[in-house]
Amino acid sequence: MTTTYEISLILPDPHDPRPRSIRVSASYIDNEKDLNAAQKAAIRALPPGGVWTGHAIQIKRLTDAA
């Protein structure tokens with residue numbers, strides 16, 4: 001089973017049309033240096049569809065793939 005998250009900017013730039021979200025794996029979250037241990041634990045504990053909100057980003061756990 002693969003856990004996937006979608007990371008989105010909370011306040012996207014209206015003058016920059018590039019996508020403001022990316023999909024990442026659980027290992028990306030585990031290795032992200034800008035998240036502390038408590039933040040990583042809270043994100044990993046999200047149920048499918050759950051959302052964690054930081055200062056500038058929002059992370060949503062997507063439905064697990066088989």
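**Exercise 1. Find how E3 and strand E4 are joined, and place E3 in the sheet.**

Step 1. E3 and strand E4 (residues 57-61) run antiparallel and are joined by three bridges. Strands (E, at least two residues) and helices (H or I, at least four) are DSSP runs, numbered from the N terminus. Two strands pair if DSSP finds at least two bridges between them.

Step 2. The model is predicted: local features need pLDDT of at least 70, side-chain atom pairs count only at pLDDT 80 or more, and totals for chains, interfaces and linings use all residues. Residues are numbered from 1 along each chain as its sequence is written, and side-chain values use heavy atoms, with hydrogens and water left out.

Step 3. The order E2-E1-E4-E3 describes an open sheet of four strands with antiparallel pairing. E2 and strand E3 (51-53) are the edge strands, each pairing on one side only. From one strand to the next, the twist averages 20°.

Step 4. H2 lies across E1, E3 and E4, and runs at about 155° to E3. Axes are lines fitted to C-alpha atoms, for helices over the stretch in contact, and angles run from 0 to 180 degrees between N-to-C directions.

**Exercise 2. Describe the surroundings of Lys60 in strand E4.**

Step 1. Lys60 counts as partly exposed because its relative accessibility is 36%. Buried means under 20% relative accessible area, exposed over 50%, and partly exposed in between (1.4 Å probe, protein chains only).

Step 2. Opposite Lys60 in E4 stands Val51. Lys60 touches Val51 as well as Thr4, Tyr5, Glu6, Gly49 and Gly50, not counting residues up to four places away in sequence. Contact means heavy atoms within 4.5 Å.

Step 3. Ile43 and Lys60 are 17 residues apart in sequence, and their C-alpha atoms are 8.4 Å apart in space.

**Exercise 3. Which side chain of opposite charge is nearest to Lys40, and how far away is it?**

Step 1. Lys40 lies in helix H2 (residues 37-44).

Step 2. The nearest such side chain is that of Asp30, 6.5 Å away; Lys40 is buried and has no salt bridge. A salt bridge is a side-chain nitrogen of Lys or Arg within 4 Å of a carboxyl oxygen of Asp or Glu. Lys and Arg count as positive, Asp and Glu as negative; His and the chain ends are not counted.

Step 3. At 3.2 Å, the side chain of Lys40 reaches the backbone oxygen of Glu32. Residues touched by Lys40 include Ile29, Asn31 and Leu35.

Technical notes. Polar contact = N/O pair within 3.5 Å; in protein donor to acceptor, adjacent residues only side chain to side chain.
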